Number of protein chains: 4
Amino acid sequence: MQNYSAILNNIYTELNASHFRGEVANYIPELSHVDIHNFGIHLNVLNGDQFSVGNTNTPFSIQSISKVLALAKAFSIIGEQLWQRVNVEPSGNPFNHLSLLELENGIPRNPLINSGAIVIADILVSHLKNPKADFLNFVRDLANDPTINFNKNVAASEKATGYKNFAAANLLKSFGNLENDVDEVLDFYFHQCAIEMNCKQLADTFYVFANRGTCSQHKDYLTLSQVKRINAIMLSCGFYDEAGEFAFEVGLPGKSGVGGGIVALLPNTFTITTWSPGLNAKGNSLLGMQALKLFTTETQLSIF
Amino acid sequence: MQNYSAILNNIYTELNASHFRGEVANYIPELSHVDIHNFGIHLNVLNGDQFSVGNTNTPFSIQSISKVLALAKAFSIIGEQLWQRVNVEPSGNPFNHLSLLELENGIPRNPLINSGAIVIADILVSHLKNPKADFLNFVRDLANDPTINFNKNVAASEKATGYKNFAAANLLKSFGNLENDVDEVLDFYFHQCAIEMNCKQLADTFYVFANRGTCSQHKDYLTLSQVKRINAIMLSCGFYDEAGEFAFEVGLPGKSGVGGGIVALLPNTFTITTWSPGLNAKGNSLLGMQALKLFTTETQLSIF
Amino acid sequence: MQNYSAILNNIYTELNASHFRGEVANYIPELSHVDIHNFGIHLNVLNGDQFSVGNTNTPFSIQSISKVLALAKAFSIIGEQLWQRVNVEPSGNPFNHLSLLELENGIPRNPLINSGAIVIADILVSHLKNPKADFLNFVRDLANDPTINFNKNVAASEKATGYKNFAAANLLKSFGNLENDVDEVLDFYFHQCAIEMNCKQLADTFYVFANRGTCSQHKDYLTLSQVKRINAIMLSCGFYDEAGEFAFEVGLPGKSGVGGGIVALLPNTFTITTWSPGLNAKGNSLLGMQALKLFTTETQLSIF
Amino acid sequence: MQNYSAILNNIYTELNASHFRGEVANYIPELSHVDIHNFGIHLNVLNGDQFSVGNTNTPFSIQSISKVLALAKAFSIIGEQLWQRVNVEPSGNPFNHLSLLELENGIPRNPLINSGAIVIADILVSHLKNPKADFLNFVRDLANDPTINFNKNVAASEKATGYKNFAAANLLKSFGNLENDVDEVLDFYFHQCAIEMNCKQLADTFYVFANRGTCSQHKDYLTLSQVKRINAIMLSCGFYDEAGEFAFEVGLPGKSGVGGGIVALLPNTFTITTWSPGLNAKGNSLLGMQALKLFTTETQLSIF
């Protein structure tokens, strides 16, 4: 029997003393003001146990972590045909995302890179009656928490500066892989990324992926097959150009966001979230990566 | 002494019998309706002689040929500092224009590929009081013909479908290499490309590049050094991925457009234009390329 | 409790009726003669149970599967410093392996692509007294079977036609990431790939990776941490450009070879091997991929 | 009438005072010992006038300049079918030469990049009875100077360290674009590059390209069409990634080598050579590039 409480406390204490915490993302102006000293870890064990250390009650911008939730929603709506519009291979190459899109005729490498997530957003805009409201409700239901919300300022900030996303969406459109208007899809996408949660809410939301498709309120959202596939994609593609490194060092499916959040999970066992807004050179939370590495080393729990 | 008239007539007669004339560009809906049987050649010798065969009085959309004119205007305004925002190397690679932009930090390879031409358009939007009107007047002055105009339908058609250009402009913006709004720059760019001329007008307009910077009305527009540089860029970069082929087969500086026009010139000697709307697989006028190859072979006139 | 025997029999019966079995690899002449009708599956459960269907006693060329064994040996010798010479990220891109090597200064993307495996071979040539004999003995010990051997004809056939590997090795050498002579390293590498095993032997050999570093004879070869890392690399990088697809469809760490073999494993539970020499378009055994997909679907066993 | 003597003297005097002369190539050990203070310019006017300043009698390694001579010989032997094995487009991209070869199925971008020159060498090995001796005699005949020779030490030095060329040749072989053995082709290639000439000999050798295919001894070597094509290729592809820059700044067809030599020519008018072993960041002679730029600026002679 693991003493999770002691393990988490030790990790927190050790890492929270770090002077070097990376850099807060500054390409979205609204995110650049977050205090770099925030640090929290929350563990949600499927047996019902919950463990929190540090700042786990402050909401942060989940950013790219939302891509997993959007994928889950789109997958549950349109099923396998989703894979005709987006691939499941790692992107491999950090410096030419748009190039790969050109080389591969507008089919994004996977649903967790920006271009792939924009295709997923397009699917949701096509299939949801009130896309933004419906998606927000889906997330609130997963977390069993109606207080979760968009941060409209963050969404507006991304819209005003998100030229690379406009470039990607237009390129997808040029290849016929975007059904709706660029502006409408990106408005949805920027809101999706601007959802805010704290560590506990995020761990609750991802419970469904650790629990074979059933959320903590015993409602079925995804088939076991769908959950396995989403977990496989998180493992292969969840950490930008550091996906291999994360699989290698941590050994869990997971997803990070430039807001400094990371969520990871061991199927049938737990979900765990970390938040520390300082990022490493590859855009993943520096303390968060270290915390998860220590956690799986200490507990010897990983999928491998 | 060359018998230009006989040479041009022979070329016209031989090529005009061709059944295979390539394909009319269909990615701009408004251009797809042009009759593929149009074919004309116009030669403007600096000594004042003019030779015309075929359909040289029908205006066509000059499209990318306008990039040379925009470059000339921007170069004459801001001089050498222009090269801080755009390079002068061939692009080489047809399938990853945006990728190169990513790899090379938002500095387009040269001013005649789309991303480079968009940077030039941005410079003109910044420096011209009434960008569209002022640029049109510049072109009219070069040609000494006030009837030259934009085709507003073509400009609108490009705006409605030009997703790749929106992608490129947003990517440039993300790298800080676009001063003005994407929409404003592209509105100018789509109008610039939608200028219409016939073969004779186009040959007159490019007289300035064959005549060391002085137009047919004896007005100086560019220094000799600037003209040489623009001619060098046309030779190296004027024909998309077929630039080497054109230098190799024709041996003249020139520029083509997807409207089916080509203009080429021998410094101090002549300008020559062809128009045939059917394009080869690389996007250059099929009959036009053949006509120019026959012309330089027959006359033994080339820069090499 | 799973009825493995019935499950395997059903899979075998269903797939063995397939008319379309892909194409036998023909780029190594010696391999092109193998009968495409061979098909076998062997399951080695850690509790000692063994299940065989089809042709599981005929040796085949393990080819790239050997890369995992070479990695294990090199990792056990030099430890973490191995990662200074080879990365752990998926390669992503099928059409420019050498290009990535150029872009990333001679550091291969991972140890399971050819260039990475050549670096691993170089490490073994540097550290083993009699590289070929010592490595063969390592494999025999893992399998507890002294009859395993090289096929010298296959090694010679690869040496005579392996121009791409010579290209890769010379490129590595040009970047200073090869200590020994190109010819010496490739002689080792071609022998390593030319090891022959049958399905049962291969499943026995990989027991160590399912059993936390301890082989079936209770001898420790690797630390738990090392085994986890190797399993993570297999999952992310074991199936060329189909790695994401395999993680997605099968959900197990594994490795394929162009000889038509595949090995996969569930940590703490089993190893499973398939052999069918017909390959799909991506170079992985067509029936083998289907068999493993059916097996994890039927048993609901995967790491996700 | 130009005062060439005064112009060349002024250029020499101005540039020879430079403290910053770039870096002598050090990747071929044998070349790294050349004194960086060497500097010479030789002008060979087709009317028979010759002008020399500085060190124009010391032989240097012509290196890549030899590629033009090998191309001329191969082109004169097999004619147009040469272009089935090598393209005529600029390479564009400095960091992935081998990648382009992979992407474009083993057809090098042009005959002046290393992979293209290796294909040309292969053609000469196939068609010449005594490849090295016959090629040397061809060069001696062009220059009308039987003292020109290989530097065997330089050839050996390149063979011992030319891993990138071995990589390229093996990659070509893997695509079926090399008829002879890699070692035999590269032995020829390394000798070809190791020819030594002084500035005057080099200017004499290239007389044939300025004089419509006829050498100074009135012997015809190439057709006018072939000469024009070779000149076009020099202009588009003669200066690595600086080809556009050279066309832009100098405006003449030319070729540089890492030995510090540059040769350029104005058709029907002159050939000019410079030698200064210090290279700029792109691998072209620093003083040589400046000298040629000053020369064409001062004389207002260029092809544009």
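A residue is called buried when its relative accessible area is under 20%, exposed when that area is over 50%, and partly exposed in between, with a 1.4 Å probe and protein chains only. By this criterion B:N198, at 9% relative accessibility, counts as buried. The model described here is predicted, so that local features need pLDDT of at least 70 and side-chain atom pairs count only at pLDDT 80 or more, whereas totals for chains, interfaces and linings use all residues. Residues are numbered from 1 along each chain as its sequence is written, chains are lettered from A and ligands numbered from 1 in the order in which they are written, and side-chain values use heavy atoms, with hydrogens and water left out.

B:N198 lies in the loop between β6 (195-197) and α9 (199-205) of chain B, where helices (H or I, at least four residues) and strands (E, at least two) are DSSP runs numbered from the N terminus. Contact is taken as heavy atoms within 4.5 Å; when residues up to four places away in sequence are not counted, B:N198 touches B:T56, B:N57, B:T58, B:P59 and B:F60. From B:G176, by contrast, B:N198 is separated by 22 residues in sequence and by 37 Å in space, C-alpha to C-alpha.

Strand pairing was examined next, two strands being paired if DSSP finds at least two bridges between them. In general, strands of a sheet pair through backbone hydrogen bonds, either parallel or antiparallel. In chain B, strand β9 (residues 270-275) pairs in the antiparallel sense with strand β2 (residues 40-45) over six bridges, and B:G40 has B:W275 as its bridge partner in β9(B). Strand β8 (residues 261-266) of chain B likewise pairs with β9(B) in the antiparallel sense over six bridges, with B:L266 standing opposite B:F270. The two strands β8(B) and β9(B) form a hairpin with three residues between them, and B:N268 in the turn has a positive phi of about 70 degrees. Six of the six residues of β9(B) are buried. Both faces of β9(B) are covered, since B:F270, B:I272 and B:T274 on one side and B:T271, B:T273 and B:W275 on the other are all buried.

In chain A, an open sheet of three strands has the order β4-β6-β5, with antiparallel pairing. Its edge strands, each of which pairs on one side only, are β4 (60-61) and β5 (149-150). Two bridges join β5(A) to strand β6 (residues 195-197) of chain A, and A:F150 stands opposite A:I195 in β6(A).

Backbone angles also single out particular residues. Most residues other than glycine have a negative phi. A:Q63, however, has a positive phi near 50 degrees; this residue is placed in the loop between β4 and α2 (66-78) of chain A and is buried, with a relative accessible area of 3%. B:Q300 also has a positive phi, near 55 degrees, but is found in the segment after α13 (286-299) of chain B and counts as partly exposed at 44% relative accessibility.

Aromatic rings of Phe, Tyr and Trp (its six-membered ring) were paired if their centres lie within 6.5 Å, with planes under 30 degrees apart counted as stacked, over 60 as edge-to-face and the rest as tilted. By this rule the count comes to 56 aromatic pairs over all chains. The rings of B:F166 and B:F190 have their centres 6.1 Å apart and their planes at 50 degrees, so the pair is tilted. This pair links distant parts of the chain, with B:F166 in helix α7 (residues 163-174) and B:F190 in helix α8 (residues 182-193) of chain B, 24 residues apart, and both rings belong to buried residues. For D:F135 and D:F188 the ring centres are 5.7 Å apart and the planes at 65 degrees, so the pair is edge-to-face. Here helix α5 (residues 131-143) of chain D, holding D:F135, is linked with helix α8 (residues 182-193) of chain D, holding D:F188, across 53 residues; D:F135 and D:F188 are both buried. In chain A, ring pairs link A:Y4, A:F51, A:F270 and A:F295 into a cluster.

With regard to the arrangement of chains, no contact joins chain B and chain C, whose closest C-alpha atoms lie 11 Å apart. Contact is also absent between chain A and chain D, whose closest C-alpha atoms lie 11 Å apart.
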